[in-house]
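Hi,

Here is the structure I promised to send over. Have a look at it first, and then read on for my notes.

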Amino acid sequence: MDYQTALAFALPLGVAFAAIGSGLGLGRAVGSAMEAIGRQPEAYAKIQTAMIIGAALIEALTIYALVTVFLLQGKIGS
Amino acid sequence: MQSLNHIVTFLSSEPAHNGGGEEAQHELPNLVTILNEYVFGGTSVGEFLHHWENAIFSLAIVIILVVVARFAYRNPQLVPRGLQNGVELIIEALESFIVGVIGPHGRKFVPFLGTLFLYIFCSNLAGLIPLMKAPTANVNQTIALALCVFFYVQFTAVKENGIVGFVKHLMGEPRSAIQWAFVPLMLPIHIIGEFAKPLSLSVRLFGNVTGEDILILIFVGLGVAVLSFTHLPIGIPLQLPFIFLAILTSFIQALVFMLLSTVYFAMILPHGEEDH
């Protein structure tokens, strides 16, 4: 297997695994935030702000994988 | 059918003046690529336009923002109406948001952070306007924005805490002997952490905006490709649901960029002074 085939397999799989991890993390974070809002609706604004910060930090990890794909996808062609 | 083939090849081909080593086209054709293709093909003007593509569009966005601000503030009223009212609504929402995160002494950062939000939001939305492109879908643009935040945060840190306080902050504010023993470990971690902030800020914005642009490009291409077996006079706008998704992403990413910058300011400002 030459390195181009290896890249063509590895790049989508890398994003997929990163997305699985981020999805699990985001599910936990947003779910807990929703529970907290349900328990204390008056703290809605503060909980939402904290949730968006956490969601951005979690989701950045998938974006790193995506950027790696952008950087390396030129090496797959022909 | 001839023109249709032309559109398909134009959508799927690389730009005409793609300097070697650049990445493949990942956006819809915009005003500059169309001008390059049909008007200035191969001339030095076309090369100039291709080179300064992102700068041209970001300057256009800056000019639009400045003109709107000037018009809103041309004849300021105590009781605002019309455009002034709308602009003040946005500014007040931003101010209450930032002051809510940093605290009352964070009011002086509202101009910088609010400008960041408005500029990034308009830049992201520009990718959805036909014949425009999102300047933030280019990594140079987002690195520049993140470096502005980085240097302003470090400058504020030195100004507010002093050089000694700044170094102490980097060492993790050691007080007891055990904490001093951990300084050789904490100092590199904090310094790397400071440099990781602009990196993650810029790459996050770039990746999200580029990802949504590629998504829309692929579905526009599908909508054009569908023509070959449906024999309709026009293409099907398959990208429509993703445009709504992209509006949402544009807003959230601009908000996240501003919110994280705000948090970086809040982290380096001296704590415990707020009067409750």
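In this predicted model, the largest nonpolar core has 36 residues, and the ones that touch the most other members are Phe117(B), Phe257(B) and Leu260(B). Two or more residues of this core come from each of helix H2 (44–72) of chain A and, in chain B, helices H4 (53–73), H5 (82–102), H6 (110–126), H7 (139–170), H9 (183–225) and H11 (240–268). H11(B) provides the largest share, eight residues.

Leu260(B) is a good place to zoom in. Leaving aside residues up to four places away in sequence, Leu260(B) touches Ile53(A) and Ala56(A), as well as Leu201(B).

That brings us to where the chains meet. Here 11 residues of chain A are in contact with 16 residues of chain B. On the chain B side, H9 and H11 each supply at least two residues, and H9(B) gives the most, with eight. By type, this side of chain B consists of nine nonpolar, five polar and two charged residues.

Now for chain A by itself. Chain A contains two helices and zero strands. Its radius of gyration is 18 Å, whereas the globule rule gives 12 Å for 78 residues, so chain A is more spread out than a compact globule. The C-alpha trace of chain A spans about 60 × 15 × 10 Å along its principal axes. Of the 78 residues in chain A, 10% count as buried. Among contacts in chain A between residues at least 6 apart in sequence, 82% join residues at least 24 apart.

Happy browsing, and all the best!

Note on methods. Residues numbered from 1 in each chain as written. Chains lettered and ligands numbered in written order. Predicted model: local features only at pLDDT ≥ 70, side-chain atom pairs only at ≥ 80, totals over all residues. Helix = DSSP H or I, 4+ residues; strand = E, 2+ residues; numbered from the N terminus. Rg over C-alpha atoms; globule rule 2.2 N^0.38 Å. Buried ≥ 20, exposed ≤ 12 C-beta atoms within 10 Å, placed from the backbone. Contact = placed C-beta atoms within 7 Å. Core = buried A, V, L, I, M, F, W, Y, C linked by C-beta atoms within 7 Å. Nonpolar A, V, L, I, M, F, W, Y, C, P; charged D, E, K, R; others polar.
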